[in-house]
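Biologist: I'm new to reading structures, so could we go through this one together? I'll ask, and you explain your reasoning step by step.

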Amino acid sequence: MKIGIPKETVAGETRVALIPSMIAPLTKKGHEVLVESGAGMAASFPDEAYTAAGATIIGTTQSLYDAADIIFKVQPPQADKGEPALIGEGKTFIGYMAPFYNAEMVKTFQQRKITAFSMEFIPRITRAQSMDTLSSMATIAGYKAVLMAANELGKIFPLLMTAAGTITPANVLILGAGVAGLQAIATAKRLGARVSAFDPRPAVREQVESLGATFVEMELPEEDVETKGGYAKAQSDLFLQKEQEAIAARLPKIDAVITTAQIFGKAAPVLITEEMVKKMNPGSVIVDLAAENGGNCQLTEAGKTVVKENVTIIGAVNLPATVPVHASQMYAKNIVNLFNHLYQAEDNALDWEDEITVGACITRDGEITNEMVKDRLSNGGN
Amino acid sequence: MTMEIITRIVYLVAAVFFILGLKNLSSPKTARRGNLFAMLGMLIAVVMTLFDRNIISFEYIIVGLIVGGAIGAVAAKKVQMTSMPQMVALFNGFGGIASTLVAFAELYQAHGDVAVHANLTVSLSLLIGTVTFTGSLIAYAKLQGIMRGAPIVLPLHQILNTLLLIASVVLIVLAIMYPGEYLLWAIIIVGVAAIFGITFVIPIGGADMPVVISLLNSYSGVAAAMTGFVLGNSVLIIAGALVGASGLILTNIMCVAMNRSLANVLFGAVGTDGGATTSGEKETRTVTNYTPVDAAIMMEQAQSVIIVPGYGLAVAQAQHVLQEMAQILMDRGVKVRYAIHPVAGRMPGHMNVLMAEANVSYDLLLEMDAINDDFQDTDVALVIGANDVVNPAARYKKDSPLYGMPILNVDQARTVMIVKRSLGAGFAGEANELFFDDKTMMIFGDAKKVVTDLVKTLKEE
């Protein structure tokens, strides 16, 4: 098969879907790799490196899409730039798709009978961990978020007892102990900070403590709220309120907060209200990793660093793109693992019984195969 | 009078040597010395007994010593290391029959004209000695392959055993009440005991034989102690009691190690003819439980060790002490490396964070693809708090959530040691057959505590 690697078009995207070192594993299996000229430049992989690794450099975007059977991409094809329509009828696409927010792209894929696999929809099961870009990119985001916080903070992280007095360690609070949160804990810990972490799931306490951080307890809401009608909403409001209380009690002692709470396909929960920001020490820093989905902090502005109530709030967007070399390396490994899994048969036939193949597929033969995406797009219209 | 005092003192010395011997036998490190002490004690006791006034004829004794000694020496020399259990079983049996014969001789010599308490001890000696003898012979036959290893259960087996036991008690009471018919009682007791010894051991499977041998060993001690009472020989009473008690303790330790109760071993009739059954359900499989001391001894003999860390290591915060262990081994010339599975832990790079904290050199950390081919040339694979990443089900079990995930080939190492909190399944919920493998040593406990104990043992030298 001919695998095409187009240049990313989204502003600020520095990653590339395939790096030179991952080309040999593909060509060894008889595949051919075509790379748009300059595709890896922003991630420090020049065209020559791709050529040396056995890829063919293609001069223009159009000819790349024309020549390739299957496209590897990082960002979803941008409908306003006409990207989805570049992919030829019946061809295959693998990359991020964010289908809930890219209805136009999904429609084009349907019309052109494109078989599209979304990196976000790979089932999060043990054997698919090697393909899980949500994990690998969150790892990078968690790491980078701490460095950004350290950079903005007017303090140093570690404890130092010197002739010029004792420097107390910075107190870092991590909200949400998912992959990004855990990596943030580990990074802050390595920089010498005193780290605590909050997560509503009591089960992750052990994971937090395994990295040497303190787990912040939260009082779980009483059960009787659940009995009345429409309890789900009521419960979640109360739940959120309890979460905010637990966090608010901690905030006055904190120098840097990294927030990582995301809900798949929904707006991020507000964990830090404006009132809570007011209670924080002047000069403290919030790095909001959920900025793109509305933010965990009420005052977050996506893509911007703002100072409000004397607190620096970083609305972090696409942090992996700030570490393009390793982010591309991990992404490329993930996508090649997925590709190898999808096309493991001799004749490159897809196995529609396989959990990963079915789970990751969004469109195929002019149909939306993913129920969740189908529901969202037909109900919301958007 | 002085002779008797000397005799007693020398017997006391012998007994002290026995105790020292047992004490030293409790650790494989000192076991050789323990054997030596016990031998010395036995020599002292035998020599003293020869000087004792009860000796009638030295000719018989010398002939006996030469014949018995020669058989023992030749047998011990010729026996294969793997056949040691049946050899021990056989020797136990000889101990038992010796007690029976001595008791019988004593009874015959005295024409039944003995006191009540002596009559009791003679009867017990006959009973226990004979049970030990026939039981040991069955154990020997099963282990040697003369008899089928699988449990043989007769109809109403438990009831039969109970009846035999009751019959033995009744016979002993009768023997005490009617000492005139001493010869008849003795013969019947021996007969009942012989049957009981057989029915007692045949329903127990070959895999459980070591426990039975240990128990029979304890019986032979008790029989010897009874004979000691019969003869009025204090050192025999002491030695017999020591063997009886230590055998019982050992039996218990073995049962705990197999996660079984003694009752389950003796009456369960579930032990198979050695090894695991293929048709067996998970619940019926048993694992072998080892201690950190066992692990340390294994480590000392290894030339190459691969450590496989997992989430359990992180939870226990055992990375520092683990590195201390690795350092000790490396200082002794053992090749130590860490194998890091890409999904070990609960976040990407979890193990790297831990290892960096413990100052493990990056050169010692190898990713899966780089080290997987080395397991087959490795003496010990030490898995600490990892489970799914070494589960062989990932290779072939199609309905498993792990199927298709590449795993570390720890099962190819010569010995696999797994330190784990429990037998539970891993994150993916798949049971791990590796735990039940013959070459796997399971060490249950908190990773930090286990490794700390391991380091402690390694440092003792």
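Biologist: Which residue's side chain meets that of A:Asp354 in a salt bridge?

Modeller: Keep in mind that this is a predicted model. A salt bridge here needs a side-chain nitrogen of Lys or Arg within 4 Å of a carboxyl oxygen of Asp or Glu. A:Asp354 has such a pairing at 3.9 Å, N to O, and its partner is A:Arg127.

Biologist: How many residues apart are the two in the chain?

Modeller: A:Asp354 sits in the loop between helix 10 and helix 11 of chain A, while A:Arg127 sits in the loop between strand 6 and helix 5 (133-152) of chain A. The pair therefore links distant parts of the chain, and the separation is 227 residues.

Biologist: Is A:Arg127 buried or exposed?

Modeller: The cut-off for buried is under 20% relative accessible area. Its partner A:Asp354 comes in at 11%, so A:Asp354 is buried. A:Arg127 has 15% relative accessibility, so it also falls under the cut-off and counts as buried.

Biologist: Now take the salt bridge between A:Arg201 and A:Asp199. What is the relative accessible area of A:Asp199?

Modeller: Those two side chains meet at 2.9 Å, N to O. A:Arg201 is partly exposed, with a relative accessible area of 42%. A:Asp199, on the other hand, is buried, and its relative accessible area is 5%.

Biologist: And which residue forms a salt bridge with A:Glu217?

Modeller: A:Glu217 lies in the loop between strand 11 (214-216) and helix 8 (231-250) of chain A, and its partner lies in helix 7 (residues 205-210) of chain A, so the bridge ties together parts that are 12 residues apart in sequence. A:Glu217 is exposed at 52% relative accessible area, and the partner is partly exposed at 27%. The closest N and O atoms are 2.1 Å apart, and the partner is A:Arg205.

Biologist: How many salt bridges are there over all chains?

Modeller: Some salt bridges join up into networks, and one such network links A:Glu8, A:Lys73 and A:Glu83. Counting over all chains, the total is 22.

Biologist: Let's turn to the sheet. Which strands of chain A stand at the edges of the 8-strand open sheet?

Modeller: The order in this open sheet of chain A is 3-2-1-4-5-6-16-17, with mixed pairing. An edge strand has a single partner strand, so one side of it is left without a neighbour in the sheet. That describes strand 3 (56-58) and strand 17 (367-368).

Biologist: Do strand 6 and strand 16 of chain A run parallel or antiparallel?

Modeller: Strands of a sheet pair through backbone hydrogen bonds, and either direction can occur. Here 2 bridges join strand 6 (residues 115-118) to strand 16 (residues 361-364). A:Phe117 stands opposite A:Cys361 in strand 16. The two strands run antiparallel.

Biologist: Which residue stands opposite A:Leu173 in strand 10 of chain A?

Modeller: Strand 9 (residues 171-175) and strand 10 of chain A run parallel, joined by 5 bridges. Strand 10 (residues 194-198) is mostly covered, with 4 of its 5 residues buried. Opposite A:Leu173 stands A:Ser196.

Biologist: What is odd about the phi of A:Asn310?

Modeller: Most residues other than glycine have a negative phi. A:Asn310 is in the loop between strand 14 (305-308) and strand 15 (311-315) of chain A, and it is exposed at 55% relative accessible area. It is not a glycine, yet its phi is positive, about 65 degrees.

Biologist: Where is A:Asn348 found?

Modeller: A:Asn348 has a positive phi too, near 60 degrees. It is partly exposed, with a relative accessible area of 26%. Its place is the loop between helix 10 (324-342) and helix 11 (355-360) of chain A.

Biologist: Last topic, the two chains. Which three residues supply 32% of the area that chain B buries against chain A?

Modeller: In this interface, 20 residues of chain B are in contact with 15 residues of chain A. Together the chains bury about 1500 Å², with 58% of it on carbon and sulfur atoms. The three that supply more than any other three are B:Met347, B:Pro348 and B:Val353.

Biologist: Which residue of chain A forms a salt bridge with B:Arg421?

Modeller: The count between chain B and chain A is 1 salt bridge. B:Arg421 has its closest N and O atoms 3.4 Å apart from its partner, A:Glu206.

Note on methods: Residues numbered from 1 in each chain as written. Chains lettered and ligands numbered in written order. Predicted model: local features only at pLDDT ≥ 70, side-chain atom pairs only at ≥ 80, totals over all residues. Heavy atoms only, no water. Buried < 20%, exposed > 50% of the residue type's maximum accessible area, 1.4 Å probe, protein only. Contact = heavy atoms within 4.5 Å. Buried area = accessible area lost by both parts, 1.4 Å probe. Pairing = 2+ DSSP bridges.
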